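Subject: Structure handover

Hello,

Here is the structure for you to look through. Please open it next to this email and follow along. My notes come after it.

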Amino acid sequence: VVLAMALMALLGGSVQNVIIALSVVETPRAVRLVRGAVLTLREQMYVDAARAMGAPTYRILGLHILPNTFAPLMVQGTYIMASAVLVEAYLSFLGAGPPPDVSSWGNVMAQGRNFITAAIWIIFFPGLFLTALVLAINVAGDGLRDTLDPRLRRRM
């Protein structure tokens, strides 16, 4: 969040700059995950067998490595999506995100904080819906993990 705020202070507040800041902040997580998965997969027996049979590198990457990195990357993508929604709401609430005329959960709550003593629902319901959205994205990610993980498919 701090890095995203610093980038927003440097770039200025707009929707495009929020997207750029979130991409810069979240890219290392995905890269680290894919690197770890590839380093694990390259030591597997089926990769050694394909290499021993003389398969070219692009074929090993396309048939063995890429399909096995897809499932963890999809799950990480749902986590990054939930994280991006929350960080955008943080930035908008603090005034470092998109301008106030752009609708977002953070802007709605920021505009309603002046009326919290008279009408608490102005902040309560957007916060509740933001929580429900992030929870739904995380549940969808867990469902994707259960569906795409080959180790879990063997047990069923």
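D142 and R145 sit three residues apart in helix α6, so about one helical turn separates them. Their side chains form a salt bridge, with the closest N and O atoms 3.6 Å apart. D142 is partly exposed, at 38% relative accessible area. R145 is partly exposed too, at 39%. The bridge has company: D142, R145 and D146 are joined into one network by salt bridges that share partners.

One caution before you go on. This is a predicted model. Read every distance and percentage here as computed from that model.

**Other salt bridges**

How many salt bridges does the structure hold? There are five. Two more of them are worth finding.

Go to helix α3, which covers residues 45-52. D48 and R51 both lie there, three residues apart, or about one turn of the helix. Their side chains meet in a salt bridge at 3.2 Å, N to O. D48 is partly exposed at 33% relative accessibility. R51 is partly exposed at 48%.

Now look at R42 and E43. Their side chains also meet in a salt bridge, at 3.3 Å, N to O. Is E43 buried or exposed? E43 counts as exposed, because its relative accessibility is 54% and the cut-off for exposed is over 50%. R42, at 45%, counts as partly exposed.

While you are in helix α3, find Y46, which lies there as well. Y46 is partly exposed, at 32% relative accessibility. Y46 and H64 are 18 residues apart in sequence. In space, their C-alpha atoms are 8.0 Å apart.

**Aromatic rings**

Next come the rings. A pair of aromatic rings is described by the distance of the centres and the angle of the planes. A search of the whole structure finds three aromatic pairs. One of them is W105 with F129. The centres of these two rings are 6.3 Å apart. The planes are at 45° to each other, and the pair is tilted.

Why does this pair tie together separate parts of the sequence? W105 lies in helix α5 (residues 105-112) and F129 lies in helix α6 (residues 121-148), so the pair links parts that are 24 residues apart in sequence. Both residues are partly exposed: W105 at 31% relative accessibility, and F129 at 47% relative accessible area.

W105 and F129 also belong to an aromatic cluster, together with F124 and F125.

One more ring deserves a look. R113 lies over the face of F93, at 4.8 Å from the ring centre.

**A nonpolar patch**

Stay with W105 and F129 for a moment. Both are part of a nonpolar patch on the surface. The other members are I116, I120, W121, F124, F125, L128 and L133. Together the patch has about 880 Å² of accessible area. Which helix gives the largest share of the patch? Helix α6 does, with six residues. W121 is one of the patch residues, and W121 lies in α6.

**Helix α4 and the loop after it**

Helix α4 spans 57-94. T78 lies in this helix. Is T78 buried or exposed? T78 counts as buried, because its relative accessibility is 11% and buried means under 20%. A polar atom of the T78 side chain lies 2.6 Å from the backbone oxygen of V75.

G95 is in the loop between α4 and α5. At 63% relative accessibility, G95 counts as exposed. Compare that with T78, which is buried at 11%. G95 and G106 are 11 residues apart in sequence. From C-alpha to C-alpha, G95 and G106 are 8.7 Å apart in space.

**Where to start**

Begin with helix α6. You will find D142 and R145 there, about one turn apart. F129 is in α6 as well, paired with W105 in helix α5. Then move to helix α3 for the bridge between D48 and R51. Finish at G95, in the loop between α4 and α5.

Best wishes

Technical notes
Residues numbered from 1 in each chain as written. Predicted model: local features only at pLDDT ≥ 70, side-chain atom pairs only at ≥ 80, totals over all residues. Heavy atoms only, no water. Phe/Tyr/Trp six-rings, centres within 6.5 Å; stacked < 30°, edge-to-face > 60°. Helix = DSSP H or I, 4+ residues; strand = E, 2+ residues; numbered from the N terminus. Buried < 20%, exposed > 50% of the residue type's maximum accessible area, 1.4 Å probe, protein only. Lys NZ or Arg CZ within 6 Å of the ring centre and 35° of its normal. Patch = residues over 30% accessible without salt bridge, like charges linked within 9 Å, V, L, I, M, F, W, Y side chains within 5 Å. Areas by Shrake-Rupley, 256 points an atom, 1.4 Å probe, with all protein chains shown as cover. Salt bridge = Lys/Arg side-chain N within 4 Å of Asp/Glu carboxyl O. Polar contact = N/O pair within 3.5 Å; in protein donor to acceptor, adjacent residues only side chain to side chain.
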